Amino acid sequence: MPRLEYRHHDIRNAAILSEKGIKLALGVSGRDGASSKFVALTAAMAVANGMDRDLALRAVTLTPAEILGVADRIGSLQAGKDADIVILSGHPLDSLSRVEMVLIEGKTVFERKDQQ
Amino acid sequence: MKKGRFLSFLVILSSSFCLASSGGESQSLAIRAGKIWTLTDGVITNGVIIVDNGKIQAVGENIDVPEGAKVLDMSDKNVMPGMIDAHCHIGLSLDILAEMDETVAAVAADMQILDAFNPHADDVRKALRSGVTTVMLAPGYRNPVGGQPAVVKLDTSKANDWVLKRTAGVEFSLMNQALMFDREPTSRTGLVALIKEELDQAKADKDGGFNPPREVLKRVVDANLPAYIWAHTVDEIASAMAIVDEYKLNAVLVAAGQGDEIADMIAKRNLPVIYPPLLLSSRDKDLKRAGKIANSGVKLAFASLAPKTDLYDLRTSAILAAKYGLDKETALKSLTINAAEILGVGDRLGSISEGKDADLVILNGDPLQLTSSVEMVIINGNIVYQRQGE
């Protein structure tokens with residue numbers, strides 16, 4: 001059942017807000033423990049519903065870092081920042097891309113086993 | 001002079017009549033498309049689809065546009081067949097899911113879900129917006145022997161009858177939700193026994209008498225009406241297969257989420273599976289199941305079970321399944337031709353090929369990308385949805 005608070009939820013909201021110049025981060029903080037592993041897919045959905053591609057990607061990286069006050073350390077690949085890096089099999093917004101490797105502060109914390 | 005004017009008025013009048021007759025339903029439509037996902041005949045690049053009288057008249061690369069045809073230029077778009085939601089509860093104005101099941105009765109095979117359907121409901125628009133053109137409207141899973149699902153087109157043009165099948169089968173449920181405190185059955189064993197008893201009585205009942213549910217069940221035991229059996233867990237699916245074997249039913253497994261664990265047994269019986277929605281909240285293990293089932297040779301279709309899912313989008317299920325191991329082509333077929341065949345409407349729907357209904361979805365990118373959005377939906381050759389803005 002749709003929860004009451006979703007009754008008027010419009011999937012174009014992200015696009016509408018970002019078009020007005022509002023700083024916007026995307027998340028998956030849903031019910032049933034919706035997993036943050038799909039945060040890139042929410043960016044893809046935002047694009048499908050009118051959000052600019054670059055802004056959508058920024059909304060899952062640099063923008064949340066700025067909102068949380070940690071943009072000096074994370075959120076973009078830039079000299080001097082923490083080496084928190086994701087390596088994907090394709091474009092980050094490609095729904096079928098898989099995460100191949102994740103580095104945090106330069107150390108490998110995830111490596112995909114079933115390479116296909 | 002007066003006479004001359006009158007004559008020319010007549011000429012204008014008659015020519016406008018001619019226009020009206022050629023501009024009505026019989027005007028053909030030509031869609032130029034960047035990519036056509038035919039689903040039965042591969043992908044055609046820079047092709048044309050000719051639609052006449054609501055049917056696809058031709059599709060291919062080098063096709064002449066008939067004179068007087070209305071041309072839709074979609075040369076930078078993707079066109080695919082209208083998607084088919086193999087089980088959902090939309091248009092039933094369900095706020096508390098109250099109208100789906102007759103929970104006081106255990107046997108409700110004579111109930112027709114179509115009697116509760118409103119084709120102009122909000123969620124019907126939502127389904128259209130996501131590219132779904134045909135749905136199997138279904139009762140829920142709380143009746144051991146449930147009502148009759150229907151196959152309907154979401155044609156809001158008001159030009160055609162939207163009902164493809166009023167009685168598309170009979171629903172059965174082996175799920176725990178079919179057990180109630182205040183009516184029998186109250187146990188899993190009792191549930192299976194009750195279903196068998198009903199089927200036995202339908203089989204034994206030759207002359208009938210006045211028993212509407214039994215009349216319907218007779219057609220199920222004669223295998224000329226499919227049994228749609230809700231069974232989610234491995235044990236529920238095993239029970240379903242035992243019943244199918246014993247009564248030689250023509251059956252489809254509904255919401256068989258754990259079917260991968262006994263996929264070979266399902267494949268051996270040639271039972272199609274209607275797969276429940278994959279969501280962003282699904283676990284990795286569950287996301288891989290649809291692919292495993294299909295890889296075992298089981299024919300698969302997706303179901304939104306809407307309005308239980310928050311944001312209606314059938315395509316997301318197929319994309320997530322593809323991301324987790326379902327072959328891309330099979331993923332698309334599960335949304336279209338395979339679903340059509342499972343629901344018994346494969347002769348009319350599910351692919352872009354000559355003679356089929358002109359139910360088409362136009363997207364601004366690859367159908368298996370979440371970044372792609374549905375820009376236009378056509379049913380029976382009529383534009384029933386067009387995306388605003390851009």
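In this predicted model, strand β4 (residues 70-81) of chain B pairs with β14(B) in the antiparallel sense, over 4 bridges. β14(B) also pairs with strand β15 (residues 374-379) of chain B, again antiparallel and over 4 bridges. Beyond these strands, the points below cover 2 aromatic pairs, the total over all chains, the surroundings of E171(B) in strand β9 (residues 170-173) of chain B, and an open sheet of 3 strands in chain A.

**Strand β14 of chain B and its partners**

- On the β4 side of the pairing, N78(B) stands opposite L363(B) of β14(B).
- On the β15 side, L360(B) has I378(B) as its bridge partner.
- Side chains alternate along β14 (residues 360-363) of chain B: L360(B) and I362(B) point one way, while V361(B) and L363(B) point the other way.
- These four residues, on both faces of the strand, are all buried.

**Aromatic pair between chains A and B**

- The ring centres of F38(A) and Y324(B) are 6.4 Å apart and the ring planes stand at 80 degrees, so this pair is edge-to-face.
- F38(A) lies in the loop between α1 (13-19) and α2 (39-48) of chain A, and Y324(B) in the loop between α9 (314-323) and α10 (328-335) of chain B, so the pair joins two chains.
- F38(A) has a relative accessibility of 1% and counts as buried.
- Y324(B), at 9% relative accessibility, also counts as buried, because the limit for that class is under 20%.
- R98(A) lies over the face of Y324(B), 4.8 Å from the ring centre.

**Aromatic pair within chain B**

- Y141(B) and W230(B) have ring centres 5.0 Å apart and planes at 75 degrees, which makes the pair edge-to-face, because planes over 60 degrees apart fall in that class.
- The pair links distant parts of the chain, its two residues being 89 residues apart.
- Y141(B) sits in the loop between β6 (132-137) and β7 (150-153) of chain B, and W230(B) in strand β10 (residues 227-230) of chain B.
- Y141(B) is buried, with a relative accessible area of 17%.
- W230(B) counts as buried at 1% relative accessibility.

**Surroundings of E171(B)**

- E171(B) has a relative accessibility of 0% and counts as buried.
- The side chains of E171(B) and W230(B) are joined by a polar contact of 2.6 Å; W230(B) is also the ring partner of Y141(B).
- Leaving aside neighbours within four places in sequence, the residues in contact with E171(B) include H87(B), A138(B), P139(B), P144(B) and V145(B).
- Also among them are G146(B), G147(B), P149(B), Y228(B) and W230(B).

**Open sheet in chain A**

- The 3 strands are ordered β1-β2-β3 (chain A), and their pairing is antiparallel.
- β1 (85-88) and β3 (107-111) of chain A are at the edges with a single partner strand each, so one side of each has no neighbour in the sheet.
- From one strand to the next, the twist averages 20 degrees.
- Strand β2 (residues 99-104) of chain A and β3(A) run antiparallel and are joined by 4 bridges.
- I104(A) has K107(A) in β3(A) as its bridge partner.

Notes. Residues are numbered from 1 along each chain as its sequence is written. Chains are lettered from A and ligands numbered from 1 in the order in which they are written. This is a predicted model: local features need pLDDT of at least 70, side-chain atom pairs count only at pLDDT 80 or more; totals for chains, interfaces and linings use all residues. Side-chain values use heavy atoms; hydrogens and water are left out. Rings of Phe, Tyr and Trp (its six-membered ring) pair if their centres lie within 6.5 Å; planes under 30 degrees apart count as stacked, over 60 as edge-to-face and the rest as tilted. Buried means under 20% relative accessible area, exposed over 50%, partly exposed in between (1.4 Å probe, protein chains only). A charge sits over a ring if NZ of Lys or CZ of Arg is within 6 Å of the ring centre and within 35 degrees of the ring normal. Two strands pair if DSSP finds at least two bridges between them. A polar contact is a pair of N or O atoms within 3.5 Å; within protein, one must be able to donate a hydrogen and the other to accept it, and residues adjacent in sequence count only if both atoms are side-chain atoms. Contact means heavy atoms within 4.5 Å. Axes are lines fitted to C-alpha atoms, for helices over the stretch in contact, and angles run from 0 to 180 degrees between N-to-C directions.
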